[in-house]
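Please look over the sequence and the 3D model shown here. A short report follows them.

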Amino acid sequence: MSKKKKVVDDKKHPWRKCPLGQHWRSPSHVDAHTRKKFNVKEHYRKGTCVKNRSGRDTLYDDEIYLISNSFFSKMKPKISQNKLGYKKGNEYNQLIDGWVKYWNDILKPKVPLDPDFVKVMIATESSFNPKAKAYAGKRAGHARGLMQVTDQTVKYLSGHRKELRNHLLHLEQDDLYDPNINIAAGIRWLYRKKQIADARYKEASWLETIMLYKGYRSMNHPQIKKFIKLYERIKSEEI
Amino acid sequence: MRELRVKKFKFVLLFAFLTPHYSFGVGVKDFCFDKPTYFNCIEERNSNFSLQGYFELEGVRYSISTRRAFDLDRCEDGLKKIRQVMRDDHFCIEGEVLDQDSKHITVNQVYNSKIRWTYFINPPKKEQIYEYIY
């Protein structure tokens, strides 16, 4: 009797340097220190792939930078050049384009996420201020950076309570003021909200997902109407 | 021929400066009052609460809201502080508008000469964020 072979999807994204289940750690200088009663001399540590503690696919900050620096400038821009009235409206275009492509490739939605959608989201969340910080309440903690990712979300992104089954991000709160890390994390979280919205509405639109992200109940809320108007503007290039 | 081109250019430049600039894009605007406007916490989804308000100016109703809904404690703290600000004889609301004629404001801050409530902690100056200050 022949044994059935277990089919395992072991394909990693072409932008990832390490095999599945591992993450890239950049080369670094290590100071002299003591570890488990041994004295470790000052030395240079080469870049290497490190096993993920969770066993799941996880992005760390080093690899977020490796991906964006290696691949994003080579991409043909899809995002609108419309600043929407914000001084820094075009400053993060390449990062938005890159991370939208990455997460669309990994998570394969039926309707791919549009980078212009994320651009409008950043406009409405933080007005393109990467240092934006707001208190979101006892439960959520603080919301930080371009996409106003909360402290609670950072925990979930790292695997807390298995909110995410795979494709985690390991971050610190202060990392969220870095536009590159914030956008990578914010889009991943938006995908989780899409998953929740799909369960609720049976194949939700990205707009319904935004409603969930912002905590609003109705499409008629002025903030959702504002989002729609800005998105229409960006698509029609009115300004 | 060159003189004609220079004259045409000067005319275009003059026209651009003299033409009123209407509804250019997202910007920031201040509205000031002598008496309190309406603000309240409205329940949304998943135990989130939305800080919303409105006021009337020259017979036109303007609505106010925040970028997101949040936990009740955050909404109530915000509401308490805003009501404190509004007790003064004169206070202002700074908000983001879609364009110059917009009737909805995304509130950035509510302030008087002594105290202020801000949506963001330590927000930068509006000139650093917006191209249009109406």
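The report covers two helices, one helix pair and a few backbone angles.

This is a predicted model, where local features need pLDDT of at least 70, side-chain atom pairs count only at pLDDT 80 or more, and totals for chains, interfaces and linings use all residues. Residues are numbered from 1 along each chain as its sequence is written, chains are lettered from A and ligands numbered from 1 in the order in which they are written, and side-chain values use heavy atoms, with hydrogens and water left out.

**Helix 2 of chain A**

Helices (H or I, at least four residues) and strands (E, at least two) are DSSP runs, numbered from the N terminus. Helix 2 of chain A spans residues 93–107. Its end C-alpha atoms are 21 Å apart, which agrees with the 21 Å that 15 residues should span at 1.5 Å a residue. That expected span is 1.5 Å times one less than the number of residues. The helix is mostly covered, with eleven of its 15 residues buried. Buried means under 20% relative accessible area, exposed over 50%, partly exposed in between (1.4 Å probe, protein chains only). Among the buried residues are A:Trp99, A:Tyr102 and A:Trp103. Their cover includes helix 1 (61–71), helix 3 and helix 5 of chain A.

**Helix 7 of chain A**

Helix 7 of chain A also has a record of its cover: helix 3 and helix 6 of chain A are included, together with strand 4 (60–65), strand 5 (91–97) and strand 6 (104–111) of chain B. Its buried residues include A:Phe227, A:Leu230 and A:Ile234.

How do helix 3 and helix 7 of chain A pack, and at what angle? The angle is about 130 degrees, with the axes 10 Å apart. The two helices are therefore oblique to each other (angles under 35 degrees count as roughly parallel, over 145 as roughly antiparallel, 65 to 115 as roughly perpendicular and the rest as oblique). The contact (heavy atoms within 4.5 Å) includes A:Phe117 and A:Val120 of helix 3 and A:Phe227 and A:Tyr231 of helix 7.

**Positive phi angles**

| Residue | Phi | Place |
|---|---|---|
| A:Phe128 | about 65 degrees | loop between helix 3 (115–126) and strand 8 (133–135) of chain A |
| A:Lys202 | about 60 degrees | loop between helix 5 (179–201) and helix 6 (206–214) of chain A |
| A:Glu237 | about 55 degrees | just after helix 7 of chain A |
| A:Lys108 | about 45 degrees | just after helix 2 of chain A |

A:Phe128 is buried, at 1% relative accessibility. A:Lys202 is exposed, with a relative accessible area of 72%.

Definitions and conventions: Axes are lines fitted to C-alpha atoms, for helices over the stretch in contact, and angles run from 0 to 180 degrees between N-to-C directions.
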